[in-house]
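Subject: The structure, and what turned up in it

Hello,

Here is the structure I said I would pass on. Have a look at it first, and then read on for my notes.

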Amino acid sequence: LSAHSMQKSESGNNLNKNKEIKKLLDMGVQRGYLTYEEVNELMPPDILSPAAIDEVMGLLSENEIEVIDSAKRPRDTE
């Protein structure tokens, strides 16, 4: 997945307005990472296509949010 080759599309702008995506971004920015489980849980139900999922993942990486396996979660979390 290359966020750099992704162009800012109309749907990319719409993602920023999405409540669930905003929650994901806020949570990720605060901690610096999200687990795949959290991303799956918080992903809006209308984000189903691989392209839309790629856009969300691109948005996370643009905000320097790492998506990790929960097994590799840092110990210093609550």
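In which helix does R31 lie? R31 lies in helix α2. Please keep in mind as you read that this is a predicted model. R31 is partly exposed, because its relative accessible area of 27% falls between the 20% limit for buried and the 50% limit for exposed. R31 also has a partner in space that is far off in sequence: E66 is 35 residues away along the chain, yet the two C-alpha atoms are 9.4 Å apart.

**The chain as a whole**

Let me step back to the overall layout. The chain holds four helices and two strands, and from the N terminus on they follow the order α-α-β-α-α-β. It has 78 residues, of which 35% count as buried. About 5600 Å² of the chain is exposed, and carbon and sulfur atoms supply 49% of that area. If we take the contacts with a separation of 6 or more, 70% of them are between residues 24 or more positions apart.

**Helix α4**

Helix α4 takes in residues 50-62. Its 13 residues should span 18 Å at 1.5 Å a residue, and the C-alpha atoms at its ends are 18 Å apart, so the expected and modelled spans agree. The buried residues of α4 are A52, E55, V56, M57, G58, L59 and L60. When you look at such a list, it helps to remember that an α-helix has 3.6 residues a turn, so residues three or four places apart point the same way.

**Where α2 meets α4**

How do α2 and α4 pack against each other, in angle and in distance between axes? Helix α2, residues 19-31, packs with α4 at an angle of about 35 degrees, and their axes are 10 Å apart. The crossing of these two helices is right-handed. On the α2 side the residues are I21, L24 and L25, and they meet V56, L59 and L60 of α4. By class, this contact has six nonpolar residues, with no polar and no charged ones. The three α4 residues named here, V56, L59 and L60, are also in the list of buried residues of that helix.

L25 deserves a line of its own. L25 sits in helix α2 and counts as buried, because its relative accessibility of 11% is under the 20% limit. From L25 to V39 is 14 residues in sequence and 9.9 Å in space, C-alpha to C-alpha.

**V39 and its contacts**

V39 belongs to helix α3, residues 36-42. Is V39 buried or exposed? V39 is buried, because its relative accessible area is 3% and the limit is 20%. Leaving aside neighbours within four places in sequence, V39 is in contact with L24, L34, M57, L60 and V67. One of these contacts is L24, which is 15 residues from V39 along the chain, with 7.0 Å between the C-alpha atoms. L24 and L60 are also among the residues through which α2 and α4 meet.

**The loop after α4**

Two residues here are worth finding in the viewer. N63 lies in the loop between α4 and β2 and is partly exposed, with a relative accessible area of 36%. Apart from neighbours within four places in sequence, N63 is in contact with L25 and V29. The C-alpha atoms of N63 and D26 are 9.8 Å apart, although 37 residues separate the two along the chain.

E64 is in that loop as well, between α4 and β2, the strand of residues 66-68. E64 has a positive phi of about 55 degrees although it is not a glycine. E64 counts as exposed, because its relative accessibility of 71% is over the 50% limit.

**One more loop residue**

What does N18 touch beyond its neighbours within four places in sequence? N18 is in contact with P44 and D46. N18 is found in the loop between α1, residues 10-17, and α2. Although N18 is a loop residue, N18 counts as buried, because its relative accessibility of 16% is under the 20% limit.

Do write back with any questions.

Best wishes

Conventions:
Residues are numbered from 1 along each chain as its sequence is written. This is a predicted model: local features need pLDDT of at least 70, side-chain atom pairs count only at pLDDT 80 or more; totals for chains, interfaces and linings use all residues. Side-chain values use heavy atoms; hydrogens and water are left out. The expected span of a helix is 1.5 Å times one less than its number of residues. Buried means under 20% relative accessible area, exposed over 50%, partly exposed in between (1.4 Å probe, protein chains only). Contact means heavy atoms within 4.5 Å. Accessible areas come from the Shrake-Rupley method with a 1.4 Å probe; for residues, only the protein chains shown count as cover. Axes are lines fitted to C-alpha atoms, for helices over the stretch in contact, and angles run from 0 to 180 degrees between N-to-C directions. A crossing is left-handed if the near helix is turned anticlockwise from the far one by less than a right angle, and right-handed if clockwise. Ala, Val, Leu, Ile, Met, Phe, Trp, Tyr, Cys and Pro count as nonpolar, Asp, Glu, Lys and Arg as charged, and the others, Gly among them, as polar.
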